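Here is a short walk through a structure that may be new to you. Have the sequence and the 3D view open as you read.

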Amino acid sequence: MARPRKRINQGLPQGLVCRNRKRADGSIVVYYYYTMADKKEVALGKDKHIAILEAAKLNMQYLTKKDNILFIEVLERYEKEVVPLKKAKNTRNSNIQAIKKLRQYFQDPPFTLDEIEPIHIREYLDWRKDVKPTANIEVGLFGHIWSMAREWGYTEKISPSIGVKKFKVNYRDVYIEDYILDKIYDCATGDMKDIMDVMYLTGQRPIDVVKIHSSHIYNDLLHITQQKTGKRVAIKIIGKLKEIIDKRITEENQFLFTNKWGRKLERRSLTDYFKDTRNAASRKYKELAEEINQVQLRDLRAKAATDLSLMIDDERARKQLGHTSARTTQHYIRKEKPLNPTK
């Protein structure tokens, strides 16, 4: 038997609750909140009548099962409930762009869930064939949106995207050879050298490296929670990594890397700094300019994975990069161990 509602909430529409808040002057203010399907709450303000009206709209939209619901209606709910609450920042931005394209295709004409068939997914891929990797991502997101539609009770159909062959995409395979890295390193500032060293030593993404703060360092370990996946990685602070951390983190600078104003270095600024370094190296070493210009900052993560695989094994590389799947790590390992000659 369900627990009865508190007296203060009795008579309110389903999902709507009110809470008293005491101000500093002793006065009491009532605020209204609507509980979404994922238990997150949406603030509906202090006006009871408006809150009841908004709650009724949400109940009609979300809690009543519709016949022949449109895909763009499911898309709208996914965009409001799932993207902002359950996705990391970079993933949110990617999802928002993908949703724009999915909406553009499936709203003209508007498709109901019952109308979408595998042929439409194939046609969508053909429509986006000029950006094949992005098209694959968008269809992958379609599949997750469809799964949520099933959970919400809008359909019992299996996703039409299942079984539809996506575009074959070649993964990036650039490996930074030591002699190329030395040339780029030679043209780097002291700060850029430390950034490159930390990226290689830790094997972490640029977005996670720029966030390193003194609070992440305890028990002689550097604790990183990866922004993309939420995976936690603990790295021993020894050798060159210890030298850099001891040198850079002070009472005045709690972030490992800062901008010229002493604030946390932003990811987009890091990309610009690296481009300047790479351009300087290609100008200085013209005979290697083509190879130098192929290098991106993120390739240091792949170099770390590859070198760990060559020196130790693939499992060690997987743990360093914070991957759950060994298959994912294989995309970062860009060299195989050399073979012995036949005896």
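Let's start with Asp314, which, setting aside neighbours within four places in sequence, is in contact with Ser309, Thr329, Gln330 and Ile333. Keep in mind that this is a predicted model. Asp314 lies in helix α14, which covers residues 314–321. How does Asp314 rank for exposure: buried, exposed or partly exposed? Its relative accessible area is 33%, so Asp314 is partly exposed. For a sense of scale, take Tyr185, which is 129 residues from Asp314 along the chain: the C-alpha atoms of the two are separated by 27 Å.

One of those contact partners is worth a visit of its own. Thr329 is in helix α15, and with a relative accessible area of just 1% it is buried. Leaving out neighbours within four places in sequence, Thr329 is in contact with Asp314, Ala317, Arg318 and His323.

**The largest pocket**

Helix α15 turns up again in the next stop. The largest pocket has a volume of about 2100 Å³. Of the 48 residues that line this pocket, Ile137, Arg205, Lys228, Arg298 and Tyr332 are the closest to its centre. Which elements give two or more residues to the lining? They are α4, α6 (132–151), α9 (206–209), α11 (267–284), α13 (299–311) and α15 (326–330). Sorted by class, the lining has 13 nonpolar, 18 polar and 17 charged residues.

**Rings and charges**

Now for the aromatic side chains. A pair of aromatic rings is described by how far apart the centres are and by the angle of the planes. The count here comes to 11 aromatic pairs. Take Tyr105 and Trp127: their ring centres are 5.4 Å apart and their planes are at 40°, so this pair is tilted, as it falls between the 30 degrees limit for stacked and the 60 degrees limit for edge-to-face. The pair links distant parts of the chain, with Tyr105 in helix α4 (residues 89–106) and Trp127 in helix α5 (residues 118–127), 22 residues apart. Tyr105 counts as buried, at 16% relative accessibility, while Trp127 counts as partly exposed, at 37%.

Both belong to a cluster: ring pairs link Phe71, Tyr105, Phe106, Phe111, Tyr124, Trp127, Phe142 and Trp146.

Some rings have a charge over them as well. The charged end of Arg19 sits over the ring of Tyr33, 5.2 Å from the ring centre. Likewise, the charged end of Arg122 sits over the ring of Phe167, at 5.7 Å from the centre.

**Backbone oddities**

Most residues other than glycine have a negative phi, and most peptide bonds are trans. A few spots here go the other way. The peptide bond from Asp108 to Pro109 is cis, with omega near 0°, and Pro109 lies in the loop between α4 and α5.

Then there are Asn219, with a positive phi near 55°, and Asp220, with a positive phi of about 60°; neither is a glycine. Asn219 lies in the loop between β4 (217–218) and β5 (221–225), and Asp220 is found in that loop too.

The table brings together the accessibility of some of the residues met on this walk.

| Residue | Relative accessible area | Status |
|---|---|---|
| Thr329 | 1% | buried |
| Asp314 | 33% | partly exposed |
| Asn219 | 65% | exposed |
| Asp220 | 65% | exposed |

Notes. Residues numbered from 1 in each chain as written. Predicted model: local features only at pLDDT ≥ 70, side-chain atom pairs only at ≥ 80, totals over all residues. Heavy atoms only, no water. Phe/Tyr/Trp six-rings, centres within 6.5 Å; stacked < 30°, edge-to-face > 60°. Helix = DSSP H or I, 4+ residues; strand = E, 2+ residues; numbered from the N terminus. Buried < 20%, exposed > 50% of the residue type's maximum accessible area, 1.4 Å probe, protein only. Lys NZ or Arg CZ within 6 Å of the ring centre and 35° of its normal. 1 Å grid on protein atoms, 1.4 Å probe; cavity = no way out; pocket = protein on both sides within 12 Å on 5 of 7 lines; lining within 4 Å. Points joined across faces, edges and corners; volume = space filled by probe spheres on them. Nonpolar A, V, L, I, M, F, W, Y, C, P; charged D, E, K, R; others polar. Contact = heavy atoms within 4.5 Å.
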